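Let's take a walk through this protein together, from its overall fold to a single residue.

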Amino acid sequence: MDIQVALLEWINTFTITEEVTSLSELTDGHILWDILRDVDPTYFTSSLPEARGTSTKWIHRYENLKFLHKTLVSYISEECDQTPFSPHAGDGLQVIAQDASTPELVKLFRLVLQATILSPRQEEYILKMTSLTPASQQALKALIEEREVIEEPNGQSDGANQPSSPFMHDPGLEFEERIGRLMAENQRILQENQDLQSEMKSLDARLMRLQDNNSIMQQRLAEAEDRLQSNGPALNDGEKVS
């Protein structure tokens with residue numbers, strides 16, 4: 001599945017000003033900042049350098065993205081005590097600001113996802129992920145758990161593909177366990193709901209049959225009473241003649 005579709009579906013689970021239909025709408029940083037303020041309002045308390053609606057020049061968008069990235073990396077490393085994905089943005093933020101680069105936006109979003117599933121409200125956000133389509137869930141899971149080449153601040157690679165996970169003490173497994181547990185719980189609730197709906201339909205059908213039978217019985221009873229009333233006088237007359 002296209003990761004863009006999965007990210008857009010996930011973004012729109014948050015309370016934002018309006019529905020996001022393209023990742024290019026995120027280049028000024030404001031929607032991402034709104035998401036982060038929802039993730040941990042006690043940490044992401046400040047405002048972006050450039051106000052909403054004023055980021056018409058790429059340099060203004062770039063300033064916002066630099067501030068957002070720096071704050072986000074600090075949150076993951078200091079508050080969550082984990083190693084951030086892509087801690088060195090390099091030229092990626094500038095490419096986002098200038099050209100709305102989708103690959104670089106996905107890298108930035110990977111950091112946002114990491115912060116989300118490490119935040120104090122992690123269970124709530126992982127549960128939200130279970131409400132997405134199965135394809136979107138798998139795409140986001142793959143994005144979080146993908147392997148990447150770790151780069152040094154000078155841009156040099158250490159030459160090794162390292163497993164990347166938001167949980168360095170148990171790479172990949174803790175997230176998989178959490179979302180797996182919540183998905184299983186969500187599936188159990190859905191199954192119970194389906195079972196209840198099926199039982200309700202069965203009870204409704206039974207009630208309709210009982211109502212139909214009752215109507216038939218009432219009709220037969222009324223017909224029997226009518227016959228009794230019509231036969232009653234004739235029977236009395238016959239008794240007098242004898």
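What follows goes from confidence to layout, then to surface and to one loop residue.

Please keep in mind that this is a predicted model, in which local features need pLDDT of at least 70 and side-chain atom pairs count only at pLDDT 80 or more, while totals for chains, interfaces and linings use all residues. Residues are numbered from 1 along each chain as its sequence is written, and side-chain values use heavy atoms, with hydrogens and water left out.

The predictor's confidence in each residue is its pLDDT, from 0 to 100. The protein chain has an average pLDDT of 80, and 79% of the residues reach at least 70. Take care with residues 148–171, where pLDDT stays under 50; for this stretch the model has 52 contacts (heavy atoms within 4.5 Å) beyond four places in sequence.

Now for the layout. The protein chain holds eight helices and two strands, which are DSSP runs numbered from the N terminus (helices: H or I, at least four residues; strands: E, at least two). Along the sequence, the order is α-α-α-α-α-α-α-β-β-α. Of the contacts between residues at least 6 apart in sequence, 63% link residues at least 24 apart.

Turning to the surface, 35% of the 242 residues are buried (under 20% relative accessible area; exposed is over 50%, partly exposed in between, with a 1.4 Å probe and protein chains only).

Finally, look at threonine 17, in the loop between helix H1 (3–11) and helix H2 (30–39). Threonine 17 counts as exposed because its relative accessibility is 65%. Its C-alpha atom lies 9.2 Å from that of aspartate 34, 17 residues away along the chain.
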